[in-house]
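Hi,

Here is the structure I promised to pass on. Have a look at it first, and my notes follow below.

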Amino acid sequence: MYYSFFEIFSIGVGPSSSHTVGPMRAAKRYLDNLHKAELFSRVAHVEITLYGSLALTGFGHGTVKAIIYGLMGLEAEAIDPEKPYVVAVEKDKILHLGQERPIAFDIGRDVVFEKETFLPEHSNGMRFKAFDADGGLLLEEVYFSVGGGTIARQDEISRRMEREPYDVPFDFGSAKELLEICERENKSIADIVMINECSLRSHDEVMQGIMKINRVMQNSIDRGMKSKGTLPGGLGVQRRAHEIYCRLEEKFRNNDYDPLLMIDWINLWGFAVAEENAAGGQIVTAPTMGSAGIIPSVMRYFERFASHKSLNSVEDGIVKFLLTASGICSLYRSNASISGAEVGCQGEVGVACSMAAGGLVAAMGGTPRQIENAAEIAMEHNLGLTCDPIAGLVQIPCIERNAMGAVKAVNSARISMKGDGTHFVPLDEVIKTMYDTGRDMNNKYKETSLGGLAVNVPNC
Ligand code: SF4
């Protein structure tokens, strides 16, 4: 099934697409359904139950805050991270449902954490119930946050379908099919994705959307490089991007030559976005928020260090980069998962790395086969990567992992471009391997903070 560029890249607030953006969208959709069923005016009380990974790491990942945003009727793009929406709810114990209906809401009582219960459909489950003034149940719905901010209601996920397939000219379901289409049509992967996108909306809308995504990504790098201080959540993690930036600028001023300097810059840009995400800043899911630093960092690497060797201008290169990365992500979403709660960090940082590697080759003017090769190399060396965030916060190991993922993506692209795209392991098989590995992975390593670094590193 084809996934659109605008499903893959969306603007939201950190720190987690599956634990923040998805729950916010689920709560908002539930609110809309109360309106549609003409029940909204009778609601006197709401209760939310979080299951599995959402219950275990929801506090650190900002899930409760996100659900409150959604119940208030707020959209991710419109959130002002500076406004204390949740503080007011905590203090007054009043929630303004849909920003118009005040109801009593005590987070400690009305949000239930079912840490031991994993719903069979997906480990990121949440149940919404609304009651009238007499305690009568008005509406009950169960939603799942399936990765990258995408949600599915219980009746939709049982068909493993978040929506009906799009009617696009090239509905590729595997890398093999995609490469065959490129060869038959004599087009690049970016061309194929662009043709599909233009069948869903106008060319102008597509281009404006791509530019907006690029702008928000670049702004998140710039804000992250300027910001200092301690990240929220209680671990006391210090932001490092600003200090690294100052040191790199000083080296530049002093003509202090270092052949590996560009790695420091790639690390810096990955840190900057990942720290912005951890601080709840505005970020693009790429394909998730936990892994949101990799693609912007590699795009800036292209712009600053590689575009002069490309067949494309910087702007064309960026467009090709993003469209190609989107096409690669569509393969992962169709055939595997991009949810850390479902397949571990290989589905987040691994997929972002694979998208960035393929995107960079496209920006540099590589062939579809070289792109497929780069995407495959990048995932092959992320297989088995677990998700074990300390204290359930998207900080350790996540921030450094973005930097590592960005450097690995650049290396994968460079390896691939030394050849003609001929290679042993097809991308389709590595995607299947990632999914199989994720399904075999113990739940302790799937965004539950019950294993790995989360239990071996004291965080007092
Ligand atoms: S370890 Fe990876 S998958 Fe888990 S929260 Fe961090 S970035 Fe996301």
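The shell around the ligand splits into 7 nonpolar, 3 polar and 3 charged residues (Ala, Val, Leu, Ile, Met, Phe, Trp, Tyr, Cys and Pro count as nonpolar, Asp, Glu, Lys and Arg as charged, and the others, Gly among them, as polar). There are 13 residues around the ligand, and Gly290, Gly340, Cys345, Cys387 and Cys398 come nearest; a residue is near if its C-beta atom, placed from the backbone, lies within 6 Å of the molecule.

Before you go further: this is a predicted model, where local features need pLDDT of at least 70, side-chain atom pairs count only at pLDDT 80 or more, and totals for chains, interfaces and linings use all residues. Residues are numbered from 1 along each chain as its sequence is written.

Now the domains. The chain is assigned domain 1 (16-157) and domain 2 (175-456), with bounds from an automatic or database domain assignment. Their centres, taken over C-alpha atoms, are 29 Å apart. Domain 1 puts 21 residues into the contact and domain 2 puts in 27 (contact: C-beta atoms, placed from the backbone, within 7 Å).

And the core? The largest nonpolar one has 139 residues, a core being a set of buried Ala, Val, Leu, Ile, Met, Phe, Trp, Tyr and Cys residues joined through C-beta atoms within 7 Å (buried: 20 or more other C-beta atoms within 10 Å of the residue's own, all placed from the backbone). Both domain 1 and domain 2 give residues to this core, so it lies between them. Ala356 is among the residues with the most contacts inside it; leaving aside neighbours within four places in sequence, Ala356 touches Ile294, Ile295, Val298, Ala325, Ala406 and Ala409.

Cheers

Key. Contact = placed C-beta atoms within 7 Å. Buried ≥ 20, exposed ≤ 12 C-beta atoms within 10 Å, placed from the backbone.
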